[in-house]
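Have your viewer open and your selection tool ready. We will walk from the whole chain down to single side chains, one stop at a time.

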Amino acid sequence: MGKKQEYKLKNEEYLRELSQKEGIKKLPNGILYEVIKEGSGEGKVTERSIITCHYRGSLINGNVFDDSWQRGIPEAFRVNELITGFQTALCAMHKGDHWRVHIPYQEGYGTKRDGDIPAFSTLIFVFDRISSWGFPLSIKRIRDQYTSQKSGYALIGIATLFQLRNRKN
């Protein structure tokens, strides 16, 4: 058996064992998650929403491949531009939810390497969903939301809005 096949089987076994543990919940397509902290229940997310969240992405061996907390600033994404597993999880979350999500390779980067992420990798993301916006977006809405929280994230939201308005679809 080759190294890729061994790695694939190890990742599949990890998910099988995890699915049997107490407190693990299931989403469609084999995505597993555990609630670290429940949010407010507000803020329905759709594929066209833009969300702001902190997250850390790692592999089953603990290697971290991305970490917004380490950068000190949350990320803003349009949900439909993310990997399928990320989309599924974010659409199930609410404002303020803090989850650990385990995404099988089929819903992640699949059978091909992506940078530091080997083919067949189960992706583990810890998400802290801060907010989301639907369309149409307005600068006033972003400014009001962030300045009312006195969080200092207003410029992030406004910068994201301009990036999206200037992006060619």
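## The whole chain

Start with everything in cartoon view: the protein chain has five helices and seven strands, where helices (H or I, at least four residues) and strands (E, at least two) are DSSP runs numbered from the N terminus. This is a predicted model, in which local features need pLDDT of at least 70 and side-chain atom pairs count only at pLDDT 80 or more, while totals for chains, interfaces and linings use all residues. Residues are numbered from 1 along each chain as its sequence is written, and side-chain values use heavy atoms, with hydrogens and water left out.

Follow the cartoon along the sequence and you will read the pattern α-β-β-β-β-α-β-α-β-β-α-α. Of the 169 residues in the protein chain, 44% are buried (buried means under 20% relative accessible area, exposed over 50%, partly exposed in between, with a 1.4 Å probe and protein chains only). Now switch on the surface: the protein chain exposes about 9,400 Å², and carbon and sulfur atoms supply 49% of that (areas come from the Shrake-Rupley method with a 1.4 Å probe; for residues, only the protein chains shown count as cover). Among contacts (heavy atoms within 4.5 Å) with a separation of 6 or more in the protein chain, 65% join residues 24 or more positions apart.

## Two paired strands

Next, select residues 32-37 and 98-103. The first selection is strand β2, which pairs with β6 in the antiparallel sense over five bridges; two strands pair if DSSP finds at least two bridges between them. Add side chains to find Tyr33 opposite Val101 in β6. Is strand β6 mostly covered or mostly open? It is mostly covered, as five of the six residues in β6 are buried.

## The aromatic rings

Now show Phe, Tyr and Trp as sticks. Rings (for Trp, the six-membered one) pair if their centres lie within 6.5 Å; planes under 30 degrees apart count as stacked, over 60 as edge-to-face and the rest as tilted. By this rule the count comes to ten aromatic pairs. Zoom in on Phe86 and Phe125, a tilted pair with 4.7 Å centre to centre and 40° between the planes. This pair links distant parts of the chain, with Phe86 in helix α3 and Phe125 in strand β7 (residues 123-133), 39 residues apart. Both Phe86 and Phe125 are buried. Add Phe127 to see Phe125 and Phe127 stacked, at 5.6 Å centre to centre and 15° between the planes. Widen the selection to Tyr55, Phe65, Phe77, Phe86, Phe125 and Phe127, which form one aromatic cluster.

## Three single residues

Stay with helix α3 (residues 84-92) and pick Thr88. Thr88 counts as buried because its relative accessibility is 19%. Leaving out residues up to four places away in sequence, Thr88 touches Leu27, Pro28 and Ile31.

Move on to Thr52 in strand β3 (residues 50-58). Thr52 is buried too, with a relative accessible area of 1%. Try the distance tool from Thr52 to Val79: they are 27 residues apart in sequence and 10.0 Å apart in space, C-alpha to C-alpha.

Finish at Arg71 in helix α2 (residues 68-71). Arg71 counts as partly exposed because its relative accessibility is 42%. Which residues does Arg71 touch, not counting those up to four places away in sequence? They are Tyr55 and Asp66. The side chains of Arg71 and Asp66 also make a polar contact (2.5 Å), meaning a pair of N or O atoms within 3.5 Å; within protein, one must be able to donate a hydrogen and the other to accept it, and residues adjacent in sequence count only if both atoms are side-chain atoms.
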